[in-house]
Amino acid sequence: MIDKKFFINNVQNDWRYLLEKEIKKNYFNSIISTIKSCQKKQLLNPDPKKIFRAFKETNLTNLKLVILGQDPYHGENQANGLAFGVDNKTKTPPSLINIFKEIYESTHHEPNANKDLLHWAHQGVLLLNTSLSVELFKPNSHAEIGWSILTNAVIKEISTVKKNIVFFLWGKNAQKKELLIDSSKHLVLKTSHPSPLSVYRGFRGCNHFLEANSFFKKNNLTEIDW
């Protein structure tokens, strides 16, 4: 049964206190209602158990970097609960191809991450979409159901309680979150979305992966193995 406990039971780490506080609020009732309706029609992405997966795979204590996506992939069997990631048996989406290409072109090394991106998540990279669900084949279909309230709360919390976090804000949806981040404590890197429609508007050649590791090195923090 999909209820508020269902979501929180999938997160057993230090995000739980914040998520528990948010799901008790009235706006989350709208989210649950929409998800139930969408799942009943077999049109929900990702699987409900994976909606909070970004928090399950990357805890707040070890957080180093936030990659903000738009909403989950809307193709069949694509979304895996991590922004830009897909299961390893799934065909690599164009946005992820462009991400891996940028890593190779800027670092001159093939990425060590598989396409599920767990390699990044387990190093402290929060792969967070601004909306955590979507209707199959309808991008942005859940953008107005309340997810932005929750993801705003998450970004604010990170900005407040952490320091020296790197934020990758790719595309206009992600860049709306910039006002929530204290740039005197954190590094904010912005460019276009890596999708084929906008990759040439700044993402290609942005060097964000190099800049992030330079920032970590300067602050005596472990670099990310991309």
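In this predicted model, helices α3 (residues 27-40) and α7 pack with their axes coming within 9 Å, and the two cross at roughly 125°. That angle is neither over 145 degrees, where a pair would count as roughly antiparallel, nor in the 65 to 115 range for roughly perpendicular, so α3 and α7 are oblique to each other. On the α3 side, Tyr27, Phe28, Ile31 and Ile35 take part, and they meet Trp147, Ile149 and Leu150 of α7. Sorted by class, the residues of this contact come out as seven nonpolar, with no polar and no charged ones.

Helix α7 (residues 147-161) also has a place against the sheet: it lies across β2, β3 and β5 (166-170), and runs at about 155° to β3. Another helix, α9 (residues 208-218), lies across β2, β5 and β6, here at about 165° to β5.

As for the sheet itself, it is an open one built from four strands, which follow the order β3-β2-β5-β6 with parallel pairing. β3 and β6 (187-191) sit at the edges with a single partner strand each, so one side of each has no neighbour in the sheet. Going from one strand to the next, the twist averages 15°. The partner of β3 is β2 (residues 65-69), and five bridges join these two parallel strands. One of the residues involved is Val66, whose bridge partner in β3 is Leu126.

Next come the pockets. The largest has a volume of about 680 Å³. Its lining takes in 38 residues, and Gln70, Asp71, Ser95, His193 and Ser195 are the closest to the centre. Strand β3 (125-129) turns up again here: along with α5 (94-107) and α8 (172-175), it supplies at least two residues of the lining. Broken down by class, that lining holds 17 nonpolar and 17 polar residues, plus four charged ones.

The second largest pocket has a volume of about 320 Å³. Lining it are 16 residues, with Leu44, Asn45, Pro46, Asp47 and Asn77 lying nearest the centre. The class breakdown for this second largest pocket is six nonpolar, five polar and five charged residues.

Note on methods:
Residues are numbered from 1 along each chain as its sequence is written. This is a predicted model: local features need pLDDT of at least 70, side-chain atom pairs count only at pLDDT 80 or more; totals for chains, interfaces and linings use all residues. Side-chain values use heavy atoms; hydrogens and water are left out. On a 1 Å grid over the protein atoms alone, a cavity is a set of points where a 1.4 Å probe fits but cannot get out, and a pocket is an open set with protein on both sides within 12 Å along at least five of seven lines; lining residues have an atom within 4 Å of a point. Grid points are joined across faces, edges and corners, and a volume is the space filled by probe spheres set on the points. Ala, Val, Leu, Ile, Met, Phe, Trp, Tyr, Cys and Pro count as nonpolar, Asp, Glu, Lys and Arg as charged, and the others, Gly among them, as polar. Two strands pair if DSSP finds at least two bridges between them. Axes are lines fitted to C-alpha atoms, for helices over the stretch in contact, and angles run from 0 to 180 degrees between N-to-C directions. Contact means heavy atoms within 4.5 Å. Angles under 35 degrees count as roughly parallel, over 145 as roughly antiparallel, 65 to 115 as roughly perpendicular and the rest as oblique.
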